[in-house]
Amino acid sequence: GAFTYEDREGAGYTDNIPYLLNLYFRGPADATLRNPFPTATSVTELKVYGKYAFLTVSDSFAQLTGMELTIACACLTLTVTELTGAETLCLRTNSQLLDNHERLLLQARDFLFMDDTTAPRE
């Protein structure tokens with residue numbers, strides 16, 4: 001599949017979500033996994049208000065398009081909502097558009113993680 005997870009050590013930083021996200025943006029420790037984020041991606045700002053997480057990342061994220069952007073947004077949405085307890089991620093960059101939008105509102109339910117429509121039925 002396009003997604004998997006990797007456990008990372010975050011002891012001592014569990015309350016510092018920007019630090020954990022910047023560690024996440026560096027990519028996986030396992031060399032068999034691919035980093036979906038551009039090299040220079042970093043957190044500029046993170047604010048959580050109830051069920052909403054407002055995340056601003058560096059402009060390098062805006063170079064993603066098409067399926068690369070979709071995969072990166074899905075990974076980031078799952079990670080941010082898990083770390084913050086928010087249901088919705090409001091994602092933007094410092095000054096660039098994301099897929100021709102100033103910001104993207106994302107929820108885990110926005111993504112189809114498994115398409116079993118072609119699987120044989122018993």
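# Salt bridges, a core and one serine

Hi everyone, let's start with the charged side chains: this protein has 5 salt bridges. One of them pairs Glu68 with Arg34, with 3.7 Å from N to O. Where do these two partners sit? Glu68 belongs to helix H2, while Arg34 is in the loop between H1 and S1, so this salt bridge ties together parts that are 34 residues apart in sequence. If you find the pair on the screen, you can also ask how open each partner is. Arg34 counts as exposed, at 59% relative accessibility, and Glu68 counts as partly exposed, at 40%.

Before I go on, please keep in mind that what you see is a predicted model.

Here is another pair to look for. Lys47 and Glu45 form a salt bridge, and their closest N and O atoms are 3.4 Å apart. Both are partly exposed: Lys47 has a relative accessibility of 38%, and Glu45 has a relative accessible area of 37%.

Next come Glu102 and Arg103, which form a salt bridge with the closest N and O atoms 3.7 Å apart. Glu102 is partly exposed with a relative accessible area of 47%, and Arg103 is partly exposed with 45%. Which residues are joined into one network here? Through salt bridges that share partners, Arg92, Glu102 and Arg103 are linked together.

Now let's step back to the overall layout. The protein has 2 helices and 4 strands. Reading from the N terminus, the order of the elements is α-β-β-α-β-β. You can trace that order along the chain with your finger. The protein has 122 residues, and 37% of them are buried. Its accessible surface is about 8,100 Å², and carbon and sulfur atoms account for 49% of that.

How do parts of the chain meet? Take the contacts between residues at least 6 apart in sequence: 53% of these join residues at least 24 apart.

That brings us to the inside. The largest nonpolar core has 25 residues, and the ones touching the most other members are Leu21, Leu55, Phe61, Leu76, Leu89 and Leu91. Which elements give two or more residues to this core? They are helix H1 (17-25), strand S1 (43-49), strand S2 (52-57), helix H2 (66-84), strand S3 (88-93) and strand S4 (104-106). Helix H2 provides the largest share, with 7 residues.

Let's zoom in on Phe61, one of those core residues. Setting aside residues up to four places away in sequence, Phe61 touches Phe37, Pro38, Thr41, Leu69, Ala72, Cys73, Leu76, Leu91, Thr93 and Leu98. Two names in that list, Leu76 and Leu91, also appeared among the core residues that touch the most other members.

My last stop is Ser60, in the loop between S2 and H2. Is Ser60 buried or exposed? The cut-off for buried is under 20% relative accessible area, and Ser60 has 18% relative accessibility, so Ser60 counts as buried. Without its neighbours within four places in sequence, Ser60 is in contact with Pro38, Ala40 and Thr41. A polar atom of the Ser60 side chain lies 3.4 Å from the backbone oxygen of Ala40. Pro38 and Thr41 are also on the contact list of Phe61, which makes them good landmarks if you want to look at both residues on the screen.

Thanks for listening, and please do turn the model around yourselves!

Definitions and conventions:
Residues numbered from 1 in each chain as written. Predicted model: local features only at pLDDT ≥ 70, side-chain atom pairs only at ≥ 80, totals over all residues. Heavy atoms only, no water. Core = buried A, V, L, I, M, F, W, Y, C linked by side-chain atoms within 4.5 Å. Buried < 20%, exposed > 50% of the residue type's maximum accessible area, 1.4 Å probe, protein only. Contact = heavy atoms within 4.5 Å. Areas by Shrake-Rupley, 256 points an atom, 1.4 Å probe, with all protein chains shown as cover. Salt bridge = Lys/Arg side-chain N within 4 Å of Asp/Glu carboxyl O. Polar contact = N/O pair within 3.5 Å; in protein donor to acceptor, adjacent residues only side chain to side chain.
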